[in-house]
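Open the model in your viewer and keep the selection panel at hand. Each stop below says what to select and what is there.

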Amino acid sequence: MRSVSGVRGIVGTDITPELVTRYARAFGTLMLRDDGGPVVVARDSRASGAMLASAVVSGLRSLGCDVIDCGLVPTPSAQLAVEHHSARGGIVVTASHNPIEWNALKFIGPDGLFLDSESGEALQALVSSGDREAGSNDQGSLAVDDQAADRHLDLILQLPFVDAESVGRRSPLVALDCVRGAGGVIMPALLERLGCEVRVINGETDGEFPRAPEPVAQNLGELCEFVIETGADFGLAVDPDVDRLAIVDETGTAIGEDYTLAFAVEFILSRKHGPVVINLSTSQVVDDAAARFDAPVRRTRVGEANVARAMRQEAAVIGGEGNGGVILPDLHLGRDAPLAAALIASFMVAFDLSVSQVVNRNPKYRIIKDKVSGIGAIEDAYDRLREVYGGATCDTQDGLRLSWDDRWLHVRPSGTEPIVRLIAEAPSEDVALSLIRKAKELMVVSSNS
Ligand code: MG
C-alpha cells in the first residue's frame, strides 16, 4: 500500500528487495536535491528487516549516496541519528505495529521529521516515473553507527525534566513488555539507568511477536498478569519500532494508550508552561490534563508529520497522538516511547501517586471506533452531519470533526482503503455508540438521496 508517508505491505508479495531498492533510489534522488550529508538507514526487529535494509543500502549507494547504517534500533533513535550526523535524510525499515508478516519503509527528512505530504507525493511520483539520477561510478560509502540507541538514551537522561536521582531513591518496580521488537535494545537499559527496578518480558529482539504488536489494551493481557505476578508499581509496553508506549496500572489493568500522553502532558506542564498540540482523534483526557494548567490545546490533522510540524509552528512545549505517541520538542520532534517512559517514571515518583489514582482523579470517557463504506460523495455526507448537529463546533482540517463540551465525533476517509473511519468519544459507551450509529445512518442516507 502506497501513501504519502511511504509504502507498506506483506513481505514477499508486496514488499520485495526490488521495490525497496526502487524507493531507496527515489528517496536518494529526492534528497540529492539538498546538498551533502549521508543517509541514515535503520530497521526494527522483523525477520525480513536485515534483508530489506541491505537492499535499501544498495539502492542508496548505487546513486553515490554515502550511507550510515544504524542497524536494529528504535525509530526515534534513527530520527535522532539523522540530526546527529547532519544527514540529508533517513530510511527506517519498519512496519511499526502491523503484523509480523508485514514490513514497510518510513522516510525521514534532513530535520529529523518524517516527510510532509508534499515531499511524500514527490517521492511517490519519482518511484512511479522511474525517473532517477544516472547510475554513478562513484558508489557511496558505507559506515556503521552502533551508538544511535546509546546516544538517544543519554539525551533522555540529560533532559531537565528527567530526575534520575529522585527516581532512584524511590526505585519503582516496573514491568516491561517489548513485544520482541526494537525496544529490547533501549528500554530495559533506560529504565535501569533511570533508577527503576525492571522486570522484562519479550525483551528479545528477534521479531517473533508473541502477541498482536499494537500496544492497545486488549493486546496487553500477558503484561497485565506479569504486573500482578511481580507486584510492580506499573507496567509499560511499547510497539515494535518503539514510538508508542502504553501503561498498565498497579492492579494489572491496561488503562488505554490515550493516558500515556495525558500523563506526560500533566508532568511537563507542571514544570513548564506553553501550548500543547495533539491530533483531532486524541482523547479528551489530554485536554483535561492541559486544563489543570490552563494550557492552550491546538488540534491538528492525524499523522506524526502533521503534529510535529504544528508543534514547531506553535512553539508547543509538548504534544503527540492519543495512540501512545509522546513528542517533546526539547528532545526532538518525533514520537518517542523511551522518552515517554522516562517522563512517566519521573511523573509517578514526583507526584507520589499510583497510576490508578491519577486515572481516577479525572473524568472518564469511552472511545468507539468504526468504519463505513459505500458513502458516495463525502462532502454531501459532511453537510448532512453539519446540518443535523448545528450546535457542534466544526473542524474541517482532516475530514469532519464535530465537538461538544464533553464529547466529539471525527469522520475521515482512510488514506489507504476505500472506507470512511468514524471515531467518537463520550462520557459513556452508550453515548459514544449512539453518535457513531447516527453518523453512519446519516452518511449512508446522504449517498442514497
Ligand atoms: Mg510504531
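## Two helices side by side

Select Asp258, Tyr259, Leu261, Ala262, Val265, Glu266 and Leu269 in α9, which meet Val285, Val286, Ala289 and Ala290 in α10. The residues of this contact divide into nine nonpolar, no polar and two charged. The model is a predicted one.

Now show the two helices whole: α9 covers residues 258-269 and α10 covers residues 284-291. Their axes come within 8 Å and cross at roughly 10°. Because angles under 35 degrees count as roughly parallel, α9 is roughly parallel to α10.

## The sheet against these helices

Next, turn to the strands that the two helices lie across. Select β12 (276-279), β14 and β15: α9 lies across these strands and runs at about 180° to β14. Then select β12 and β13, across which α10 lies, running at about 155° to β13.

In what order do the strands of this open sheet come? The order is β13-β12-β14-β15, four strands with mixed pairing. The edge strands are β13 (297-300) and β15 (325-327), and each of them pairs on one side only. On average, neighbouring strands of this sheet are turned by 20° against each other, direction ignored.

Zoom in on β14 (residues 318-321) and its partner β15. These two strands run antiparallel and are joined by three bridges. For one point along the pair, pick Gly319, which stands opposite Ile327 in β15.

## A second open sheet

Move to the sheet with the order β9-β8-β10-β11, an open sheet of four strands with mixed pairing. Colour its edge strands, β9 (197-201) and β11 (245-248), each of which pairs on one side only. Neighbouring strands in this sheet are turned by 25° against each other on average, direction ignored.

Select β8 (residues 173-177) together with β9. The two strands pair in the parallel sense over five bridges. Pick Ala175 and look across to β9, where its bridge partner is Arg199.

## The magnesium ion

Which residues supply the protein donors of the magnesium ion? Select Ser96 (OG), Asp239 (OD), Asp241 (OD) and Asp243 (OD), which lie 2.0 to 2.1 Å from the ion. Along the sequence, these donor residues are spaced S-x142-D-x1-D-x1-D. Two of the donors, Asp239 and Asp243, are both buried.

Then select Val242, in the loop between β10 (234-238) and β11. Its phi is near 65°, a positive value in a residue other than glycine. Most residues other than glycine have a negative phi. Is Val242 buried or exposed? Val242 has a relative accessible area of 0%, so this residue is buried.

## A last loop

Finally, select Asp352, found in the loop between α12 (337-351) and α13 (355-361). What is the phi of Asp352? The value is near 50°, which is positive in a residue other than glycine. Exposed means over 50% relative accessible area, and Asp352, at 54% relative accessibility, therefore counts as exposed. With Val242 and Asp352 both on screen, compare their surroundings: Val242 is buried, whereas Asp352 is exposed.

How values were computed: Residues are numbered from 1 along each chain as its sequence is written. This is a predicted model: local features need pLDDT of at least 70, side-chain atom pairs count only at pLDDT 80 or more; totals for chains, interfaces and linings use all residues. Side-chain values use heavy atoms; hydrogens and water are left out. Two strands pair if DSSP finds at least two bridges between them. Axes are lines fitted to C-alpha atoms, for helices over the stretch in contact, and angles run from 0 to 180 degrees between N-to-C directions. Donors are N, O and S atoms within 2.8 Å of the metal (3.2 Å for Na, K and Ca); water is not among the atoms, so sites may look incomplete. Buried means under 20% relative accessible area, exposed over 50%, partly exposed in between (1.4 Å probe, protein chains only). Angles under 35 degrees count as roughly parallel, over 145 as roughly antiparallel, 65 to 115 as roughly perpendicular and the rest as oblique. Contact means heavy atoms within 4.5 Å. Ala, Val, Leu, Ile, Met, Phe, Trp, Tyr, Cys and Pro count as nonpolar, Asp, Glu, Lys and Arg as charged, and the others, Gly among them, as polar.
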